[in-house]
Number of protein chains: 2
Amino acid sequence: MTISLNDIAERAGVSVKTVSGALHGGSARMSDDTRLRIREIAEELGYVTNFAARSMRQGWMPLIGVIADELVTSPFATGIIGGLDSGARASDMAVFAMTLSGRRTVASVLEEMHRFRPRAVAYAAMYHKRVELPAEFAETVGVMINCREANDRVTSLVPDEAGAALEMTNYLLNAGRRNIAYINLPGLLASELREIGFRQALDQGGFNGANATVLPAVNRAIYSDRAQSLVHSHVQQLMSVPQRPDAILCGNDRVAMEVYAALRRCGATIPDDVAVASFDNQVEIASRLDPPLTTMALPHRAMGRKAAQILLAEDRAPVEVKKIPFRLVERLSV
Amino acid sequence: MTISLNDIAERAGVSVKTVSGALHGGSARMSDDTRLRIREIAEELGYVTNFAARSMRQGWMPLIGVIADELVTSPFATGIIGGLDSGARASDMAVFAMTLSGRRTVASVLEEMHRFRPRAVAYAAMYHKRVELPAEFAETVGVMINCREANDRVTSLVPDEAGAALEMTNYLLNAGRRNIAYINLPGLLASELREIGFRQALDQGGFNGANATVLPAVNRAIYSDRAQSLVHSHVQQLMSVPQRPDAILCGNDRVAMEVYAALRRCGATIPDDVAVASFDNQVEIASRLDPPLTTMALPHRAMGRKAAQILLAEDRAPVEVKKIPFRLVERLSV
DNA sequence: TTGAAAGCGCTAACAG
DNA sequence: CTGTTAGCGCTTTCAA
């Protein structure tokens, strides 16, 4: 038995509209006395706004819908959703996600979502990639998170991969490292961009970026967790020649984990012999490695927050691709 | 400009109610011809049900609300929410979570949630613990996930910790291990229960459970990721005496990761010299360790699915505590 | 400063 | 087999 504005109105001996005005501070003006009294009664009766009813007039529910491209199964989801949530909360909005998986199409997920009449819709990808959104949804989807809309029809928020690689490489150079090898993740958009930043930093630092060592972490064209790892053999190889590296940059924290094990096998110590750095900041891994891993944290939360801001902005800004900076997390591996 | 039943009714030259019946197969009967024609028009116009409007009559939205006790920040969230989602989808329900964090109370989160008029509400914890739910919410919250309501006022779904430890210990014994040390996580409910299962399995196997070695992973009363790790020194100690263990059971995968590193330092190989096994199955870690880690997977998805089932059941079953079994994931560390 | 009434989209009860 | 109508809870427009 839920209670409504009507119940309060009856109890207070005023009209429903007065109650509505008193509680939600709308245009309606009334004596402070009345307003206070109504609020007390509402409190006492345990009144809770009915958003569904409100939405009948407004046309929308205070919800931000997220089309989660496989995202919900990923630990990275938490950052994006969390950021979105904290950005939305300020405007009294809630976030709800629907997974786009298997054979479901964007159209079908959007339709399902639309039944709830969300105020705004975002599309979020599990890893940085290009996504082609059918033209008819360009209006509906307000922002792409962690992915770039292939035809730039929608504002996209993506991690600044090249910038992160540049920053981390500079950090290694500043730490006195002179021979940095990069074990990258093959076949990913992020990897391509990071490689550019890596080589650029070397060039700027007076080294030959084009000549730098960049090796694939796995023996497949595209990195995946299940692919056969090449990390051990690469590290062994790298450490067996006179020109051994004094730093290894890793495509992600899991690769770094393997590099740790491989270096240990070679008898090399971290960071004295070889510094190790990486991308992601999967906290459970990075902080638990010995020594704790220095890594560029993916800006998942920041992208989420920014997305909320864009979605809830008064006026629709022009479409653009926004690169969101990583955050350097200094631990002890450099 | 969204289109409504009314628009379809006009276009089809029938009443709204007929359209409603045609689309949602309600009690209304009509010629197959009419029904088909209406459906076609709806399709053509791009009609999408308005749940908010429907809820005005039903009294609830087809939503399952989840009070997420810090959960959303955890990678474990994904299993629980994912399971809930897949369980709910069958009934055309969506799941939405609200985080209970910082200074927010259950009451305040429930109130926020209630504004959306969810059909059912679950409470989910990040790690297995006891939760005292104020009595007045016992009716509102339909099920507790990954936690036990302190006064058994609400049906609770918890991982079968003791059973999991028993199973894993038996697995080690069956693999021929005779001297199993257990590096446990101090101060957690899960740990207490697992220790019981561990000792029980040893007793049943003809070993002296009461005498078995159980060591704390960190030097604090309660395990946390930030506490100072004791794993290295424990392993060194264990391996330096004549009665070295031939298996180490770990409180979680991160501890196992440290055990791997420590064993490697001691020159011991896994699993030949020492088998390693653990709890959690954090896939990114467990599958990436070398050798891949054999571990008991927490039943997060299963709890989520079961929760959906309980919440959406026709009639409310009597309150109980349901222990959900872990799943043994065999890899190569045993 | 407050009230009355309309209407949002839908379903259920009742008529035809 | 189909139509009409009322009403869910709220906000907004118009009237007092």
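**Group meeting: the protein around DNA strand C**

DNA strand C has 23 residues around it, and the closest are Ser15(A), Met30(A), Leu5(B), Ser20(B) and Tyr47(B). Of the atoms of strand C that come within 4 Å of the protein, 67% belong to sugar and phosphate. Before I go on, please keep in mind that this is a predicted model.

What kinds of residues make up this surface? Eight are nonpolar, nine are polar and six are charged.

Which helices take part? In chain A, α2 (16-24) and α4 (51-58) each supply at least two residues of the surface near strand C, and in chain B α2 (16-24) and α4 (51-58) do so too.

Now some individual atom pairs. Tyr47(B), already named among the closest residues, has a polar side-chain atom 2.3 Å from a phosphate oxygen of DNA strand C. Thr34(A) also places a polar side-chain atom by a phosphate oxygen of the strand, at 3.2 Å. With Arg57(A) the partner is a base: an N or O atom of the Arg57(A) side chain lies 3.1 Å from a base nitrogen of strand C.

My last item is another arginine, Arg194(B), which sits in helix α8 of chain B, residues 189-204. Is Arg194(B) buried or exposed? Its relative accessibility is 4%, so Arg194(B) counts as buried, the cut-off being under 20%. What does Arg194(B) touch, leaving out residues up to four places away in sequence? The contacts are Glu161(B), Ala162(B), Ala165(B), Tyr182(B), Gly251(B), Phe279(B), Leu298(B) and Phe326(B).

Key. Residues are numbered from 1 along each chain as its sequence is written. Chains are lettered from A and ligands numbered from 1 in the order in which they are written. This is a predicted model: local features need pLDDT of at least 70, side-chain atom pairs count only at pLDDT 80 or more; totals for chains, interfaces and linings use all residues. Side-chain values use heavy atoms; hydrogens and water are left out. A residue is near a molecule or strand if one of its heavy atoms lies within 4 Å of it. A polar contact is a pair of N or O atoms within 3.5 Å; within protein, one must be able to donate a hydrogen and the other to accept it, and residues adjacent in sequence count only if both atoms are side-chain atoms. Helices (H or I, at least four residues) and strands (E, at least two) are DSSP runs, numbered from the N terminus. Ala, Val, Leu, Ile, Met, Phe, Trp, Tyr, Cys and Pro count as nonpolar, Asp, Glu, Lys and Arg as charged, and the others, Gly among them, as polar. Buried means under 20% relative accessible area, exposed over 50%, partly exposed in between (1.4 Å probe, protein chains only). Contact means heavy atoms within 4.5 Å.
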